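Me: I would like to learn how the words used for a protein structure are justified. Could you take my questions one at a time?

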Amino acid sequence: MTNHWIDIKNSDCILIMGSNAAENHPISFKYVTEAQQKGAQLISVDPRFTRTSAKADIYAPMRSGTDIAILGGMLKYIIDNKLYFEEYVANYTNAAFIVGKDFKFKDGLFSGYDPKTKTYDKSKWAFEMDKNGVPKMDRSLKHSRCVFQLLKKHYSRYNTKLVSEISGTPEALLLEIYKTYGATGAKGKAGTIMYAMGWTQHTVGTQNIRTMAMIQLLLGNMGVAGGGVNALRGESNVQGSTDHCLLWHIWPGYLKTPRASNVSLEAYNKKWTPKSNDPLSANWWQNYPKYSVSMLKSFFGERAAANNDFGYDWLPKVDDGKHYSWLDLFDEMYKGTIKGFFAWGQNPACSGAHAGKNREAMKNLDWMVNVNIFDNETGSFWRGPGMRPSSIKTEVFFLPAAVSVEKEGSITNSGRWMQWRYQGPKPLGNSLPDGQIIMELGERIKTEYAKGGEFVEPILNLKWDYLTNREYDPHKVAKEINGYFLKDVTVRGKSFKKGTLVPSFAYLLADGSTSSGNWLYCNSYTEKGNMAARRSQKDAVTGIGLYPQFSWCWPVNRRIIYNRASVDLKGKPWDRKDPVIYWTGDKWIGDVPDGGWPPLLTEDGKPNPKSKHAFIMRKHGHAQIFGPGRADGPFPEHYEPMECPVEKNYMSATYTNPTAPTYGTKADIYKTCDPRYPYVGTTYRVVEHWQTGVMTRNQPWLLEMQPQVFVEISEQLARLKSIKNGERVLATSARGKLECTAIVTKRMQPLQVAGTTIHQVGFPWCYGWRLPVTGKEESANLLTPSTGDPNTRIPETKAFMVNVIKL
Amino acid sequence: MKVNRREFIQITGATAAGFAVTGLGFDLSPVKAHAQMLKTKYAKETTTICPYCAVGCGAIVHTSKKGDGRVINIEGDPDHVINRGSLCSKGAALTQLTENSDRITDPMYRAPYSSEWKKVSWDWALTEISKRVKASRDANFESKNAKGQVVNRTTAIASVGSAALDNEECWIYQSLMRALGLVYIEHQARI
Amino acid sequence: MSKSFFIDTTLCTACRGCQVACKQWHALPAEETENRGTYQNPADLSFDTYKLVRMREQVIDGKLRWLFFPDQCRHCLEGPCQDVAGEPSAIYTSESTGAVIYTANTRQLDAAEIIEACPYNIPRKGADGTLAKCDMCNDRVENGLQPACVKVCPTGAMNFGERDDMLALAQSRLTEVKKKFPKAMILDPDDVRTIYMVGFEPNLYHESAVASAAHFGITRQAALRRMFRPFRNIASQLS
């Protein structure tokens with residue numbers, strides 16, 4: 001979230017799309033409700049009428065996978081009706097940038113496409129630079145190749161009639177939504193988007209979100225209270241685990257995993273440190289080497305030195321252009337190249353797309369380590385449905401973990417708040433906190449390698465001193481993550497003693513004299529104490545619910561990011577009622593500003609050379625309406641899901657996302673427009689269970705409320721298939737089958753898509769054969785395909801084709 | 001950590017006396033009565049953050065100071081500025097997550113081709129895992145890739161997980177995996 | 001002093017925190033259920049389920065509504081169950097809170113009579129004949145805490161406090177809610193300590209949302225006369 005949970009109350013219009021927040025983030029409705037009581041409109045757009053829709057002022061159904069069409073229509077409506085916030089758009093976004101002549105768009109393809117590699121040459125989308133190397137701009141937004149004009153042209157095709165034909169959403173509802181949400185373009189008004197996996201789990205997932213980000217920028221909703229682009233993250237610490245980069249492509253703090261071509265630390269830093277020639281661009285990532293070197297110092301301590309590139313070579317490199325993400329990982333496991341596997345607090349036998357392929361893949365492993373609270377479908381995959389234990393070689397070690405209330409440490413919520421929690425009871429039986437397990441495993445591996453082995457340096461040199469009295473000490477790690485001064489130094493005019501904690505990332509250095517496990521968290525545990533443990537009830541002077549001394553949030557306790565865009569060029573808030581920050585003439589008041597520089601204009605309206613552009617993390621200081629870094633194009637474009645019910649893309653001649661990955665094993669079957677699988681399937685969660693249900697299916701109180709996997713179908717489809725409410729039915733896709741209970745409901749409605757009736761059905765994915773003990777309630781991911789977004793490779797589990805028949 | 005209660009509602013003359021005041025001389029305990037005194041009265045109180053979705057609601061854990069020292073109640077933290085004491089159905093059931101007879105409380109091992117789990121010691125399990133890691137890594141270690149570039153990695157071991165770990169656990173977990181040369185490091189954020 | 005609940009169903013999202021919080025505080029066992037083609041489970045209140053969020057899909061004036069009704073004992077000001085029982089050691093009203101409390105002595109009562117007497121169809125019989133229902137978390141309330149179902153509620157659907165305050169809250173919320181739901185009404189406020197507000201006709205939510213003769217035994221009518229009034233009269237007092 002660019003904003004945070006409490007801030008939702010400041011919104012004038014809340015769009016919940018790609019999310020069912022009332023169900024999956026129930027306490028968010030404390031603030032949605034508060035906003036509604038103050039007059040905010042709540043809009044719910046969803047293939048299914050949900051608990052969220054039940055509270056909405058406007059509900060619109062849609063065909064799963066057509067969000068870009070719907071939002072592209074909104075972009076067009078906003079531009080056609082001049083609802084955009086021109087001052088904001090011209091000054092804070094790249095709408096004024098001039099795009100080079102090589103940029104073209106035709107028949108659904110952008111220039112630079114190579115069908116052989118299914119990739120684009122992004123250099124074709126570059127901005128035109130002036131003689132100083134700064135992008136050429138036309139702040140009047142009139143130049144025919146400026147981003148604004150290209151945007152207008154691109155979405156001119158997205159008229160409501162066509163959008164309605166593609167999405168199945170009635171035109172009248174589209175117009176009502178566009179008008180209602182578009183009204184937040186007025187100065188002082190804020191609209192917010194609450195989205196979740198309903199947007200990410202598509203072959204166009206990234207572009208779904210970008211389309212909305214572009215709307216937010218046009219309406220001036222970024223950086224302001226009650227605005228923002230708010231990803232509702234679904235796990236208690238999925239924000240923190242992402243910040244610490246438990247992902248192949250990034251190092252802690254969103255640094256890049258080095259590519260094989262980054263042959264030295266210098267080459268690596270050079271490659272990934274952006275350079276701007278605009279004196280008004282803060283270009284914050286110019287500090288990259290300070291963060292990468294400080295991180296290496298945390299990894300390897302004193303062993304990391306300037307003369308060994310701070311241990312840069314000790315960490316693994318990935319091949320340029322190759323992906324190592326979830327789908328690729330299981331593809332390799334299926335092919336047998338992966339021998340050992342840790343499934344740590346995760347249940348891929350149920351949680352991953354194409355669960356059947358993943359379960360088959362596990363048979364190829366030599367060994368698996370499964371760390372969890374409960375037995376689950378992954379650790380016990382060898383005794384699952386269709387498995388013959390006597391033919392499965394895989395050794396499995398199950399390690400029992402403590403539950404969260406039995407250990408101490410911090411987690412980071414969706415609003416980026418890092419919150420400390422304490423130990424209540426001791427771990428049950430012989431279960432152990434994950435931290436203890438990791439520390440002890442690391443020690444044993446070090447012991448093994450002390451005897452010799454392949455490339456022992458990184459293992460033996462890894463700093464591993466986070467125990468106190470033989471017990472894992474979360475405070476020691478939290479301090480390491482924050483970082484230390486490793487020698488007496490003077491930075492930015494302040495002197496610091498060796499061994500003290502670094503007060504914030506502004507003081508990190510690239511010469512090895514500071515450590516910081518994750519620069520984004522530098523400021524979280526300082527000489528002032530554990531910031532995450534704070535519990536002050538006091539709000540900031542602006543009174544908008546920031547609670548700056550309650551816990552801590554990254555970066556540097558800034559509660560609303562991009563907040564330099566919440567004020568006009570002189571530093572006066574657009575919204576006088578709910579200001580995030582404002583300039584007093586010599587300093588900023590309110591939230592921690594996005595940098596302390598003065599506003600772009602002085603009080604008398606002259607450009608202030610000491611100022612910086614609003615979007616400090618962008619190389620050129622401007623938010624990106626034109627996004628030339630994306631794999632599938634600088635503007636979002638509607639493509640059909642990899643499996644869809646229509647024979648062509650009514651928007652263009654390019655059917656599906658031309659850059660989306662598919663896989664080629666015999667398990668990877670994709671069936672589009674196949675009469676055997678005529679209905680659009682989608683998956684979701686329910687409030688009573690969590691993810692695959694490993695933690696909740698074991699709880700009788702929760703299982704009581706949602707005891708069985710179900711499929712929700714419309715009354716019309718039920719009649720067509722002679723299915724009665726509450727009956728058991730069989731759902732099938734090209735990849736698997738699922739027995740489930742039919743919920744025949746008015747909440748599912750057939751849609752008219754390009755003159756044809758399209759039926760959609762939906763499944764919760766929170767079940768698995770281990771529990772309930774009948775063994776009949778299986779994972780909906782047995783149906784889903786292994787394809788995904790080309791940028792993130794998040795699987796497309798929200799739109800795929802199925803059949804449903806009476807059992 | 002000090003828990004400052006602001007949830008008390010005003011009750012005229014509210015005391016722990018409760019049922020005794022009726023003075024009717026017979027047992028007035030409600031069906032399935034708990035003690036008239038609150039069951040949480042002498043418990044240890046700690047604050048926690050809910051382990052489910054990422055709203056980050058605060059809860060108070062009441063742990064018995066007697067007997068086996070287990071959880072007797074978990075409810076919303078009224079001083080938490082986000083949820084103000086409220087929770088959803090999953091959060092409200094947190095006691096049952098913790099005090100659950102289905103929890104596994106010892107390491108277990110499934111041997112090749114076996115059809116059952118066997119209880120094992122931590123020491124054995126962790127030592128054996130270390131040996132497996134070393135064997136798979138060393139047999140499949142790539143110093144250089146096909147182009148001859150230094151890569152120092154193994155693609156023969158993969159690890160997934162976990163958004164259920166604390167931040168500090170995440171950090172040491174990823175540092176260990178990366179030091180081992182793993183590149184297949186993924187978790188919930190990818191799906 | 002008398003306490004009351006005010007339950008604003010227009011704010012309920014059916015997260016069912018209340019349903020679980022009730023089980024948690026009272027240490028009630030889960031029931032074995034099956035999916036019957038609805039999210040609502042258990043199917044009904046029971047000896048082990050005092051609080052149940054009822055869920056119904058209704059098309060009202062051409063628009064689909066998913067109506068949520070967190071059902072529980074109304075803690076009647078003059079409870080027919082208590083009158084019928086006539087045995088304060090089995091059913092009595094707490095002087096300090098107004099909670100209508102069932103004790104273990106309900107085992108001695110004619111359970112069918114008590115159940116029939118309730119105009120809201122609340123009490124349920126256990127295997128040994130004991131009756132059970134919501135006890136207003138009387139132990140919590142006596143100790144200055146809110147009932148578990150109220151404390152847990154995120155949206156303000158569940159409220160609890162001094163009766164006068166709850167009536168005032170009901171009145172002010174009704175005025176506000178009528179702008180969006182012109183048919184909104186308060187249910188039986190003069191007779192109960194669990195005061196509901198609904199956005200539409202109460203029977204669309206649940207057949208026993210308002211006091212109903214449907215569950216009355218004929219022989220009990222005399223005892224219940226003062227209880228039973230058509231809801232429209234009562235609702236008209238708060239509008």
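Reply: Gladly! Let us start with a term: strands are DSSP runs of at least two residues (E), numbered from the N terminus. Keep in mind that this is a predicted model. With that term, Pro772(A) can be placed in the loop between strand 32 (760-764) and strand 33 (800-806) of chain A.

Me: What is the peptide bond from Leu771(A) to Pro772(A), cis or trans?

Reply: That bond is cis, with omega near -5°. Most peptide bonds are trans. Another cis bond runs from Trp554(A) to Pro555(A), with omega near -10°. Pro555(A) sits in the loop between strand 23 and strand 24 (581-583) of chain A.

Me: What makes residues 552-553 of chain A a strand?

Reply: A DSSP run of type E needs at least two residues to be called a strand. Residues 552-553 form strand 23 of chain A, and Trp552(A) lies in it.

Me: Why is Trp552(A) called buried?

Reply: Buried means under 20% relative accessible area. Trp552(A) has 1%, so the word fits.

Me: What makes the link between Trp552(A) and Asn523(A) a polar contact?

Reply: A pair of N or O atoms has to be within 3.5 Å, with one able to donate a hydrogen and the other to accept it. The side chains of Trp552(A) and Asn523(A) are joined at 2.9 Å, so this pair is a polar contact. For a wider view, Trp552(A) and Met705(A) are 36 Å apart in space, C-alpha to C-alpha, and 153 residues apart in sequence.

Me: Why does Tyr547(A) count as buried?

Reply: Its relative accessibility is 13%, and the cut-off is under 20%, so Tyr547(A) counts as buried. This residue is in the loop between strand 22 (529-530) and strand 23 of chain A. Its phi is near 40°, a positive value in a residue other than glycine. Most residues other than glycine have a negative phi.

Me: And where is Cys137(C) found, and why is it called buried?

Reply: Cys137(C) is in the loop between strand 7 (131-132) and helix 4 (138-142) of chain C. The relative accessible area of Cys137(C) is 5%, and buried means under 20%, so the label holds. Phi of Cys137(C) is near 45°, again a positive value in a residue other than glycine.

Me: How do you know that Lys407(A) forms a salt bridge with Glu169(B)?

Reply: The rule asks for a side-chain nitrogen of Lys or Arg within 4 Å of a carboxyl oxygen of Asp or Glu. The closest N and O atoms of Lys407(A) and Glu169(B) are 2.9 Å apart, so they form a salt bridge. Across the interface of chain B and chain A the rule finds 8 salt bridges. Helix 3 (residues 122-139) of chain B gives the largest share of the side of chain B that touches chain A, 16 residues.

Me: How many residues take part in that contact?

Reply: Chain B brings 116 residues and chain A brings 165 residues. Between them, these chains bury about 12400 Å², with 62% of it on carbon and sulfur atoms. In chain B, Trp171(B), Arg190(B) and Ile191(B) lose the most area to chain A, together 7% of what that side buries.

Me: What makes Lys180(C) and Asp57(A) a salt bridge?

Reply: Their closest N and O atoms are 2.8 Å apart, and the limit is within 4 Å, so the pair qualifies. The interface of chain C and chain A holds 4 salt bridges by the rule. Here 37 residues of chain C are in contact with 37 residues of chain A. The area buried between chain C and chain A is about 3000 Å². Asn35(C), Tyr39(C) and Trp66(C) supply 23% of the area that chain C buries against chain A, more than any other three residues.

Me: Which residues touch the most other members of the largest nonpolar core?

Reply: They are Val711(A) and Phe763(A), in a core of 146 residues. Beyond its neighbours within four places in sequence, Val711(A) is in contact with residues including Val729(A), Ile743(A), Phe763(A) and Val804(A). A second, separate core of 87 residues includes Trp251(A) and Leu255(A).

How values were computed:
Residues numbered from 1 in each chain as written. Chains lettered and ligands numbered in written order. Predicted model: local features only at pLDDT ≥ 70, side-chain atom pairs only at ≥ 80, totals over all residues. Heavy atoms only, no water. Core = buried A, V, L, I, M, F, W, Y, C linked by side-chain atoms within 4.5 Å. Buried < 20%, exposed > 50% of the residue type's maximum accessible area, 1.4 Å probe, protein only. Contact = heavy atoms within 4.5 Å. Buried area = accessible area lost by both parts, 1.4 Å probe. Helix = DSSP H or I, 4+ residues; strand = E, 2+ residues; numbered from the N terminus.
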